[in-house]
Amino acid sequence: MSIKNDMVVQFKYTLRDEKGEVLETNKDLDPIAYLHGHNNMMPGVEDSIEGKEVGASFSVTLAPETTYGVRNEDAIQRVSVKHLQGAKKWKAGMRALLDTDQGQRQVTIVKMGKFMATVDVNHPLAGRELTFDIEIIEARDATEEEITHGHAHGKGGHHH
């Protein structure tokens, strides 16, 4: 069964940086499930899975434009220290969570002051060429409910 739109796809992955170092993996965890063709996955990853068969294992190196985006050098903001989440004491280089109008966002501390912090709101992997080792574990036709909701349900997907 070839992967196409309106299918729920489950896959495992290992993400590597430009030097081949492992950044993250779900190799020994449950696979990720997503609804193919509904903007639920990075475009580069979804495009690389399109047309593949269950059981396929492959590697794909993707440009920043198709993963976490290009770095925006102007994406620096000053925020109140009280809004930073994830630690009690902050230092430059640490990552924090910050609530925004678009939901929670991971930021990187650039400079710390007593009351204000300068943070970089780019995704930590923005601007980097990344390699994904992907193994397609399972695929099935999505239910009408999943298509209507725009995401996969069940194990590895969204739970209502």
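**Exercise 1. Find what stands opposite lysine 111, and work out how the strands around that spot are arranged.**

Start at lysine 111: the residue opposite it is threonine 118, in β8. Keep in mind as you go that you're looking at a predicted model.

Next, look at the strands themselves. β7 (residues 103-112) pairs with β8 in the antiparallel sense, over 4 bridges. The two make a hairpin, with 3 residues between them.

Now check for another partner of β8. Strand β5 (residues 76-80) is joined to β8 by 5 bridges, and these two run antiparallel. Here arginine 78 is the residue that stands opposite threonine 118.

Finally, ask how covered β8 is. Mostly: 4 of its 5 residues are buried.

**Exercise 2. Track down the aromatic pairs and classify their geometry.**

How many aromatic pairs are there? The count is 2.

Take phenylalanine 11 with tyrosine 13 to begin. Their ring centres are 6.2 Å apart with 55° between the planes, which makes the pair tilted. Both of these residues are buried.

Then go to phenylalanine 11 with tyrosine 34. The centres sit 5.9 Å apart and the planes meet at 85°, so this pair is edge-to-face. The cut-off doing the work is that planes over 60 degrees apart count as edge-to-face.

Where do the partners sit in the chain? Phenylalanine 11 belongs to strand β1 (residues 7-16) and tyrosine 34 to strand β3 (residues 32-35), so the pair links distant parts of the chain, 23 residues apart.

Now the burial step. Phenylalanine 11 has a relative accessible area of 3%, so it's buried. Tyrosine 34 is at 2%, so it's buried too.

Put the pieces together: Phe11, Tyr13 and Tyr34 make up one aromatic cluster.

**Exercise 3. Describe the largest nonpolar core and follow one of its residues outward.**

The general background is simple: in soluble globular proteins, nonpolar side chains tend to be buried together.

Here the largest nonpolar core has 21 residues, and those touching the most other members are Phe11, Val45, Ile49, Phe58, Phe132, Ile134 and Ile136. The elements giving two or more residues to this core are β1, α1 (43-49), β4 (57-62) and β9 (130-141). Another core lies apart from it, with 12 residues, among them Val79, Val81, Leu98 and Ala117.

Pick isoleucine 136 and list what it touches, leaving out residues up to four places away in sequence. Its contacts include Ile3, Val9, Phe11, Ile49, Val54, Ala56 and Phe58. Polar or charged names turn up as well, including Gln10, Lys52 and Glu53.

One of those contacts, lysine 52, has something else going on: its charged end sits over the ring of phenylalanine 58, 4.5 Å from the ring centre.

**Exercise 4. Sort out the salt bridges: who pairs with whom, and which parts of the chain get linked?**

The whole structure has 6 salt bridges. Let's work through some of them.

Step one: arginine 16 pairs with aspartate 133, with the closest N and O atoms 2.6 Å apart. Arginine 16 is in strand β1 and aspartate 133 in strand β9, 117 residues apart. Arginine 16 has 27% relative accessibility, so it counts as partly exposed.

Step two: aspartate 17 pairs with arginine 128, and here the closest N and O atoms are 3.5 Å apart. Aspartate 17 lies in the loop between β1 and β2 (22-25), while arginine 128 lies in the loop between β8 (116-120) and β9, so the bridge ties together parts that are 111 residues apart in sequence. Aspartate 17 is buried because its relative accessible area is 11%, and buried means under 20%. Arginine 128, at 24%, counts as partly exposed.

Step three: glutamate 146 pairs with arginine 140, the closest N and O atoms being 2.7 Å apart. Glutamate 146 is at 2% relative accessible area, so it's buried, whereas arginine 140, at 30%, is partly exposed.

Last step, look for shared partners. Asp17, Glu18 and Arg128 are joined into one network by salt bridges that share partners.

**Exercise 5. Place glutamate 138 in the structure.**

Glutamate 138 is in strand β9. Buried or exposed? In between: with a relative accessible area of 39%, glutamate 138 is partly exposed.

Leaving aside residues up to four places away in sequence, glutamate 138 touches Val8, Val9, Gln10 and Val54. As a distance check, its C-alpha atom and that of glycine 51 are separated by 13 Å, and the two residues are 87 apart along the chain.

Conventions:
Residues numbered from 1 in each chain as written. Predicted model: local features only at pLDDT ≥ 70, side-chain atom pairs only at ≥ 80, totals over all residues. Heavy atoms only, no water. Phe/Tyr/Trp six-rings, centres within 6.5 Å; stacked < 30°, edge-to-face > 60°. Buried < 20%, exposed > 50% of the residue type's maximum accessible area, 1.4 Å probe, protein only. Lys NZ or Arg CZ within 6 Å of the ring centre and 35° of its normal. Core = buried A, V, L, I, M, F, W, Y, C linked by side-chain atoms within 4.5 Å. Contact = heavy atoms within 4.5 Å. Salt bridge = Lys/Arg side-chain N within 4 Å of Asp/Glu carboxyl O. Pairing = 2+ DSSP bridges.
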